[in-house]
Amino acid sequence: MKNFLFISAALLIAACSNPKTEEKASVEHLYKPSYADNFKIGDSKNALLVEQMHKAMIAKNFDEAASFLADTVVFYLGDGSTLTGKPAVLDLMKKQYSQINIKNYDVQVSIPVVSESGEEWVLLWDKADVETPDGKSVKGYWMEGFQFKNGKVVAMNQFEKTEVK
């Protein structure tokens, strides 16, 4: 009986100390991603930089917000327009954000990733109540991808949806 208990205990300890690792199966995509595939979780410091930039924009500290951008930054905006260069982006920030108030800002998803080629991105889903100059309130929803190089935003791709209250 002692041998049975000893062997059972040894097997239990061995089973608990050698956890099985599951290998991820390779996925054959129906539509091969043309830009990048096999993203890995990236540096969470980049996500913090995006949050700090948004905090500065909401507070109307536009020069501080622009300090997170590379000089050659490109913004692909939700309305289909493109801005190239930090001065153009800063000008837009000043014109658009000085006219509105952002309330109840909420980050729903913030994921730093690195592509298989080493590109660093932060994928952000956020929403807020936007008070327009005429006093109306609009609920805004955004999905943005911020690309980083050397700790600066070099590109931003934005999709947006608004809903009038």
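This text walks through the nonpolar cores and the pockets of a predicted model. Local features need pLDDT of at least 70, side-chain atom pairs count only at pLDDT 80 or more, and totals for chains, interfaces and linings use all residues. Residues are numbered from 1 along each chain as its sequence is written, and side-chain values use heavy atoms, with hydrogens and water left out.

Start with the largest nonpolar core (buried Ala, Val, Leu, Ile, Met, Phe, Trp, Tyr and Cys residues joined through side-chain atoms within 4.5 Å; buried is under 20% relative accessible area, 1.4 Å probe, protein chains only). It holds 23 residues, and Leu69, Phe75, Val89, Met93 and Phe146 touch the most other members. Elements giving two or more residues include α2 (44–58), β2 (69–76) and α4 (86–97). Helices here are DSSP runs of H or I, at least four residues, and strands are runs of E, at least two. The most comes from α2, with five residues.

Look at Leu69. Beyond its neighbours within four places in sequence, its contacts (heavy atoms within 4.5 Å) include Met53, Phe75, Val89 and Met93.

Now the pockets (open sets of points on a 1 Å grid over the protein atoms alone, where a 1.4 Å probe fits, with protein on both sides within 12 Å along at least five of seven lines; lining residues have an atom within 4 Å of a point). The largest is lined by 31 residues. Gln96, Tyr97, Trp142, Gln158 and Glu160 lie nearest its centre.

The second largest pocket is lined by residues including Tyr35, Phe39, Trp121 and Trp125. β5 gives the most to this lining, with four residues.

Definitions and conventions: Buried means under 20% relative accessible area, exposed over 50%, partly exposed in between (1.4 Å probe, protein chains only).
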